[in-house]
Amino acid sequence: MKTSQMLIPTLREDPGEAEVVSHRLMLRAGMIRKTAAGIYTYLPLGLRVIRKIERIVREEMNRAGAQEVLMPIASPAELWRETGRWDFYGKELFRFKDRHERDFCLGPTHEEVITDLVRREVRSYRQLPLNCYQIQTKFRDEIRPRFGLMRGREFIMKDAYSFDRDEEGAKRSYQSMYDAYHRIFTRCGLTFRAVEADSGLIGGSSSHEFMVLADTGEESVVYTDDGAYAANVERAELPPPIDTPLEHARPLNKVATAGVGTVEEVAAYLKVEPHRIVKTLIYKAAKELVAILIRGDHTANEVKIKKVLGVMDLELADANTVMKSTGAPIGFAGPIGLQHVRVVADYAVKALSNFVVGANEVDIHYLDANWNRDFAVEQFADLRNAQAGDAAPRGTGTLKVAKGIEVGHVFMLGTKYSRSMNATFLDPQGQEQFAVMGCYGIGIGRTAASSIEQNHDAKGILWPVPIAPFHVHLLPLSQSAHVTQAAQSLYDSLTQAGVEVLWDDRDERAGVKFNDADLIGAPYHLVIGEKGLAQGTVELKERKTGEVKRIPPDVIPATISALIRDRA
């Protein structure tokens, strides 16, 4: 394809709206343009990348035995009301009424629609297992769409749904999808980890996220070097501390701490380490207040807290509620003398003695508090985020932390949806059974953006060969007949060899062409100039490494074809 015949509106300057690398480079490379907040138009280069990712996904889903379907983006409210998600999902669910005043929504996910289809079409165990997938537009009305394709309101997603006769069959389907995802992201040229994850609004028991490792990632991944354990921070399990004798309890001592309420301020003022402070966080959990005790250098994990308390709704109490329930402002709340509030503590607190807590009085803290003497703890549990250096669960060493971007998620749903929507089949004995389900999602646009976050330099994008918009960027340095003829010959021979070529045929300065080529990020650049042709060579440059070779034109097709095969 010739550059003069394509819509590639590259930009010289960074767009002010772009917050992350992928957003900035996709805008600058002319791959996407914003239509509205969180809604983008894919231009020809960007769409070529999307279609290549879709092709890889289709091939691996089909290889795993899944069947492609296409469900509507709009779905009726009655399906969502059957599962209870019409009200539970919140404002991310974009609701509307048709001309007959019937309630509909734009699907952010399709569990209800596929389960409705299966309950109407599947009657017998002989029709199971069944796995259906689609690649389709989704819409989630994010409160803060940002980061380009990373967190948009409208996005392209591959979602698949498996239906099995029993739990064992469902586990096999789950493993099949887990393995397919490994192949998909490997073929896309990504460095990733599959991590244990929380199921969130989808629900279900087992869950894994596929995280592309990148310094710009929004989420933290904890893992062990040996690969035995990996999880996101919401899911990472932390074992209870080994029982060791506590140091001798010193007398409780009340001290003035005027104007210092944060852990850092209290630690500096009292000259103690943050891990010797226990912070008391007051939460509204359903209809009651709960005091969560966390070590000062740790961070509370609200996903874990919800599970331990058995609640769906959890929020930090506001300043007025904290004052009414503890008698002190935020920063001075503590567990000693606390009335009518449950006290639940993280495991790490159990290993402490003689620590600092708020005194439930303005500008006052306690020194040398002890949980087994000064206040009662209803329950100790894993309530915090994992961090580097923590002991890994299951005896697999210590944890490390990396940043990651979620590109895929697999869930073991069980009968959550089939039971609420009465999706049954007849087993060999003629008895009705609920289908056991799993669901499996991949963000197509997010996969493209994540690749850029992982593969870029100061000049632009470094596309992996399998998903690059073009394999080769052909860069003639002049408009002379000799150079143009050589470019045409190389273009024809490469195209006939199955190599995808973008030919920059513009009458532009060499510097402009080089800048755009580096920005767009094709894996290989072919530079054709009068001087090189006079010497019987053209210049082959690998974009990622910068390695340059001068090669006779007649061996270029075979050379590049071999390079592409090696990296595909």
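## A walk through the helix packings, a pocket and two backbone oddities

α2 passes α13 in a right-handed crossing, so start there, bearing in mind that this is a predicted model.

**Stop 1: α2 against α13**

Select residues 44-63 for helix α2 and residues 444-454 for helix α13. Their axes come within 9 Å and cross at roughly 115 degrees. That makes α2 roughly perpendicular to α13, since the class runs from 65 to 115 degrees. Now show side chains. On the α2 side, pick Val49, Ile50, Ile53, Glu54 and Val57; they meet Ile444, Gly445, Thr447 and Ala448 of α13. Colour this contact by class and you get 6 nonpolar, 2 polar and 1 charged residues.

**Stop 2: α1 against α13**

Keep α13 on screen and add helix α1, residues 21-28. What angle do α1 and α13 make where they pack? It is about 105 degrees, with the axes 8 Å apart. That makes α1 roughly perpendicular to α13. For the contact itself, select Val21, Ser22, Leu25 and Met26 in α1, then Ala449, Ile452 and Glu453 in α13. The class tally here is 5 nonpolar, 1 polar and 1 charged residues.

**Stop 3: α14 against α17**

Next, jump to helix α14 at residues 481-496 and helix α17 at residues 556-567. These axes come within 9 Å, and the crossing angle is roughly 45 degrees. α14 and α17 are therefore oblique to each other. Which hand does the crossing of α14 and α17 have, left or right? Turn the view until one helix lies over the other: the crossing is right-handed. Then bring up Leu490, Ser493 and Leu494 from α14, which meet Ile556, Pro557 and Ile560 from α17. By class, this contact holds 5 nonpolar, 1 polar and no charged residues.

**Stop 4: the second largest pocket**

Time to leave the helix pairs. Switch on a surface and look for the second largest pocket, with a volume of about 320 Å³. To centre the camera, select Lys279, Thr280, Leu281, Ile330 and Gly331; of the 19 lining residues, these are the closest to the pocket centre. Which elements give two or more residues to the lining? They are α7 (263-270), β14 (278-285) and β18 (355-358). Highlight β14 in particular, as it gives the most to the lining, with 5 residues. If you colour the lining of this pocket by class, you will see 12 nonpolar, 6 polar and 1 charged.

**Stop 5: a cis peptide bond**

Switch to sticks and zoom in on Leu128 and Pro129. A cis peptide bond joins the two, with omega about 5 degrees. Where is Pro129 placed? Look in the loop between α5 (111-121) and β7 (130-139).

**Stop 6: a positive phi**

Last one. Follow the chain on past β7 into the loop between β7 and β8 (154-164), and pick out Phe147 there. Its phi is near 65 degrees, a positive value in a residue other than glycine.

Key: Residues are numbered from 1 along each chain as its sequence is written. This is a predicted model: local features need pLDDT of at least 70, side-chain atom pairs count only at pLDDT 80 or more; totals for chains, interfaces and linings use all residues. Side-chain values use heavy atoms; hydrogens and water are left out. Axes are lines fitted to C-alpha atoms, for helices over the stretch in contact, and angles run from 0 to 180 degrees between N-to-C directions. Helices (H or I, at least four residues) and strands (E, at least two) are DSSP runs, numbered from the N terminus. Angles under 35 degrees count as roughly parallel, over 145 as roughly antiparallel, 65 to 115 as roughly perpendicular and the rest as oblique. A crossing is left-handed if the near helix is turned anticlockwise from the far one by less than a right angle, and right-handed if clockwise. Contact means heavy atoms within 4.5 Å. Ala, Val, Leu, Ile, Met, Phe, Trp, Tyr, Cys and Pro count as nonpolar, Asp, Glu, Lys and Arg as charged, and the others, Gly among them, as polar. On a 1 Å grid over the protein atoms alone, a cavity is a set of points where a 1.4 Å probe fits but cannot get out, and a pocket is an open set with protein on both sides within 12 Å along at least five of seven lines; lining residues have an atom within 4 Å of a point. Grid points are joined across faces, edges and corners, and a volume is the space filled by probe spheres set on the points.
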